[in-house]
Amino acid sequence: MSQSLAISQTITNMAQLQERFTLIPADSDLFFPEWHDNLPELTFNPRQPNRNAYYEFLNEALQTIRRIKDKDIKDQRRQGEELLESNLDKLDDKFSKMLRSWAKAKLSTVEPEEAQTIAGLIHDFCTYIAQFPRIKPEIK
């Protein structure tokens, strides 16, 4: 009866791999030409926000929420809607993932009282998003 071993037990380093399969480095441009021939051109889409734009929007949103908290409800709603309207391009799945990871990291590094304040601002911001009519349901 023959015994089989896992490859990770048989070959444990690159030297063994090269020796076992007689591998040699390829210097030819003919080796995997698809890696360098006819590559599509990289394009920049100015409508697609970059990572910094999401963080700047989040910062602006939390500052706005903090600033309008003591205003009357109509003024709060108007300013919240203006903020969301001017940043519709950022209200996507990337933003929700970024917000989640930022909040998790931020809330774990601040004092409990500050964490509670930030969590309240995030809650209020999410409420504005949920009530904003121009956001796709899957983003809410």
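## Two buried phenylalanines

Phe 57 and Phe 95 are both buried. They sit in a predicted model, and they make a good way into it.

These two form a tilted aromatic pair, with 5.1 Å from centre to centre and 50 degrees between the planes. The partners come from distant parts of the chain: Phe 57 belongs to helix H3 and Phe 95 to helix H5, 38 residues apart.

## The aromatic cluster

Phe 95 also pairs with Phe 125, this time edge-to-face, at 6.0 Å centre to centre and 90 degrees between the planes. Because Phe 95 lies in helix H5 and Phe 125 in helix H6, this pair ties together parts 30 residues apart in sequence. Phe 125 is buried, just like Phe 95.

Add Tyr 54 and you get one aromatic cluster: Tyr 54, Phe 57, Phe 95 and Phe 125. Across the whole structure, the search turns up 4 aromatic pairs.

## The core around them

The largest nonpolar core has 23 residues, and Phe 57, Phe 95 and Phe 125 are among those with the most contacts inside it, along with Leu 58, Leu 84, Leu 91 and Ile 122. Helices H3 (51-68), H4 (73-85), H5 (93-107) and H6 (112-131) each supply at least two residues of this core.

What does Phe 57 touch, leaving aside neighbours within four places in sequence? Its contacts are Leu 83, Leu 84, Asn 87, Lys 90, Leu 91, Phe 95 and Phe 125.

## A buried glutamine

Over in helix H4 there's Gln 79. Its relative accessibility is 13%, so Gln 79 counts as buried. Setting aside neighbours within four places in sequence, Gln 79 is in contact with Arg 67, Ile 68 and Lys 71.

How values were computed:
Residues numbered from 1 in each chain as written. Predicted model: local features only at pLDDT ≥ 70, side-chain atom pairs only at ≥ 80, totals over all residues. Heavy atoms only, no water. Core = buried A, V, L, I, M, F, W, Y, C linked by side-chain atoms within 4.5 Å. Buried < 20%, exposed > 50% of the residue type's maximum accessible area, 1.4 Å probe, protein only. Helix = DSSP H or I, 4+ residues; strand = E, 2+ residues; numbered from the N terminus. Contact = heavy atoms within 4.5 Å. Phe/Tyr/Trp six-rings, centres within 6.5 Å; stacked < 30°, edge-to-face > 60°.
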